[in-house]
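The following exercises concern a single protein chain and its ligand. Each task is followed by a solution that proceeds in steps.

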Amino acid sequence: MAVSRKIKESMEQGSMIRRMFEQGAALRLERGGENVFDLSLGNPVVEPPAAFFAELRRLADSPEPGMHRYMPNAGYVETRAAVAAQLAEETGLAFTHDEVVMTVGAGGALNVVLKTLLDPGDEVVVFAPYFVEYLFYADNHGGSCRASINGSTKVVLINSPNNPTGVVYDAGLLARLGEIIQTKERQLGTEIFLLSDEPYRRVLFDGLEYPHVFHHHRRSIVATSHSKDLALPGERIGYIAVHPDYGDKGELMDGLIFCNRTLGFVNAPALMQRIVARLQSETVDVGEYQAKRDFLYGQLRDMRYDVVKPQGAFYMFPRSPIDDDARFVDELMEYGVLVVPGGGFGVPGHFRISYCVEDKTLAGALPGFQAAIERYA
Ligand SMILES: Cc1ncc(COP(=O)(O)O)c(C=O)c1O
């Protein structure tokens with residue numbers, strides 16, 4: 001047996017996206033690609049901004065000596081300073097490069113933070129619905145996920161705009177969360193970190209301003225990437241930012257940099273670091289995602305789906321008309337529509353739609369959504 005028992009179990013637990021992928025491939029063979037409407041993956045449909053390609057060309061045309069070599073494990077100072085300047089502008093806090101570590105995407109950032117903070121048996125509080133990888137990331141570092149704070153809690157992990165709901169946590173909610181964490185810290189005599197997973201921070205609709213966690217807890221850490229805001233998920237470029245006023249910042253930063261190295265990431269991709277240093281104020285055309293949200297949300301409401309209007313990201317999480325979300329997802333598949341059951345996000349009875357797809361895919365899925373809900377009208 002090549003694969004460990006533990007990983008086999010995890011693979012079964014986390015198999016829903018793979019299952020959708022395999023069933024989608026079979027469906028395409030059977031019906032032809034044009035009759036399958038795949039709304040199961042969070043892969044941005046838009047291209048990176050023009051400035052990305054301009055920077056790429058500039059670097060290729062005038063390479064600097066040593067630009068592909070190893071660097072300090074935290075990343076280039078110039079890139080970290082550019083990220084810090086952007087964060088300082090957005091938050092009004094005095095960020096410098098000393099509070100930033102460049103990482104291999106948000107997934108890499110989250111693993112580095114959890115590796116740095118968790119002792120065996122420590123717990124991470126997550127709120128359902130959650131990104132399923134959190135369970136595996138916590139386990140990677142000897143921790144586990146829970147729904148409430150206790151004496152073993154080291155981290156409260158939030159994600160806004162949220163995958164799978166598209167909900168943005170407002171400042172009032174974050175303030176309340178900060179108060180609860182600080183009250184619990186006093187009661188339990190522990191330190192609890194607020195870890196904010198923000199790869200969709202700039203994918204916001206209706207002119208909404210992003211409410212930053214830094215204003216609500218000093219022990220707050222952001223893990224994010226440019227996978228979605230610059231449409232670069234394959235390039236694996238992200239960062240960690242630590243609250244500039246956190247007391248033990250020096251030790252924490254040393255730990256993060258050590259773990260970035262020893263998890264085997266070593267450092268974030270060099271070329272991408274040079275490029276994103278110049279793109280901190282750039283974002284993909286969010287209007288395209290907003291138009292898709294407006295279209296799909298309006299159509300689903302007309303069909304009488306019960307769904308919260310997303311404020312950001314590019315997902316929707318409607319209630320399934322029957323409790324058995326896996327069965328409803330199978331029924332949608334009969335109409336060629338691929339979505340993900342809510343059970344995998346910790347909230348059965350719902351399903352996730354990823355609407356970062358071509359308009360024709362969204363439009364093509366509508367008859368399937370209509371026919372599936374009519375079975376239960
Ligand atoms: C909520 C959430 N966190 C983290 C990630 C991982 O992002 P990255 O591709 O930057 O590792 C994703 C990717 O879809 C996500 O949806």
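A polar contact is a pair of N or O atoms within 3.5 Å. The model to which this cut-off is applied below is a predicted one.

**Exercise 1.** Identify polar side-chain atoms that lie within the contact cut-off of the ligand, and state how much of the ligand the protein covers.

*Solution.*
Step 1. Begin with the nitrogen side of the ligand: a polar side-chain atom of Asp197 is placed 2.6 Å from a ligand nitrogen atom. Asp197 is also listed among the closest residues of the ligand.
Step 2. Turn to ligand oxygen atoms. An N or O atom in the side chain of Asn163 is 2.9 Å from one oxygen atom of the ligand, and for Lys228 the distance from a polar side-chain atom to a ligand oxygen is 3.0 Å.
Step 3. Consider coverage: on its own the ligand has 400 Å² of accessible area, of which the protein covers 91%.

**Exercise 2.** Describe the shell around the ligand by its members, its composition and its location.

*Solution.*
Step 1. The ligand is surrounded by 14 residues, and the closest are Asp197, Tyr200, Ser225, Ser227 and Arg236.
Step 2. Sorted by class, the shell holds five nonpolar, six polar and three charged residues.
Step 3. Helix H5, residues 105–117, supplies three residues, the largest share of the shell.
Step 4. The ligand takes up the space of the largest pocket.

**Exercise 3.** Locate backbone features that depart from the usual geometry.

*Solution.*
Step 1. Recall the reference: most peptide bonds are trans, and most residues other than glycine have a negative phi.
Step 2. The bond joining Ala128 and Pro129 is cis, with omega about 0°. Pro129 belongs to the loop between strand S3 (123–126) and helix H6 (133–140).
Step 3. Ser160 and Pro161 are likewise joined by a cis peptide bond, with omega about -10°. Pro161 is found in the loop that lies between strand S5 (153–159) and helix H7 (171–188).
Step 4. Arg236, which is not glycine, has a positive phi near 55°. Its loop lies between strand S7 (220–225) and strand S8 (238–242), and Arg236 is one of the residues closest to the ligand.

**Exercise 4.** Assess the overall dimensions of the chain.

*Solution.*
Step 1. The chain contains 12 helices and 12 strands.
Step 2. Its radius of gyration is 21 Å, close to the 21 Å given by the globule rule for 377 residues, so the chain is as compact as a globular protein of that length.
Step 3. Along the principal axes, the C-alpha trace spans about 60 × 60 × 50 Å.

Notes:
Residues are numbered from 1 along each chain as its sequence is written. This is a predicted model: local features need pLDDT of at least 70, side-chain atom pairs count only at pLDDT 80 or more; totals for chains, interfaces and linings use all residues. Side-chain values use heavy atoms; hydrogens and water are left out. A residue is near a molecule or strand if one of its heavy atoms lies within 4 Å of it. A polar contact is a pair of N or O atoms within 3.5 Å; within protein, one must be able to donate a hydrogen and the other to accept it, and residues adjacent in sequence count only if both atoms are side-chain atoms. Accessible areas come from the Shrake-Rupley method with a 1.4 Å probe; for residues, only the protein chains shown count as cover. On a 1 Å grid over the protein atoms alone, a cavity is a set of points where a 1.4 Å probe fits but cannot get out, and a pocket is an open set with protein on both sides within 12 Å along at least five of seven lines; lining residues have an atom within 4 Å of a point. A molecule sits in a cavity or pocket if more than half of its atoms lie within 2 Å of its grid points. Helices (H or I, at least four residues) and strands (E, at least two) are DSSP runs, numbered from the N terminus. Ala, Val, Leu, Ile, Met, Phe, Trp, Tyr, Cys and Pro count as nonpolar, Asp, Glu, Lys and Arg as charged, and the others, Gly among them, as polar. The radius of gyration is taken over C-alpha atoms; the globule rule is 2.2 Å times the number of residues to the power 0.38.
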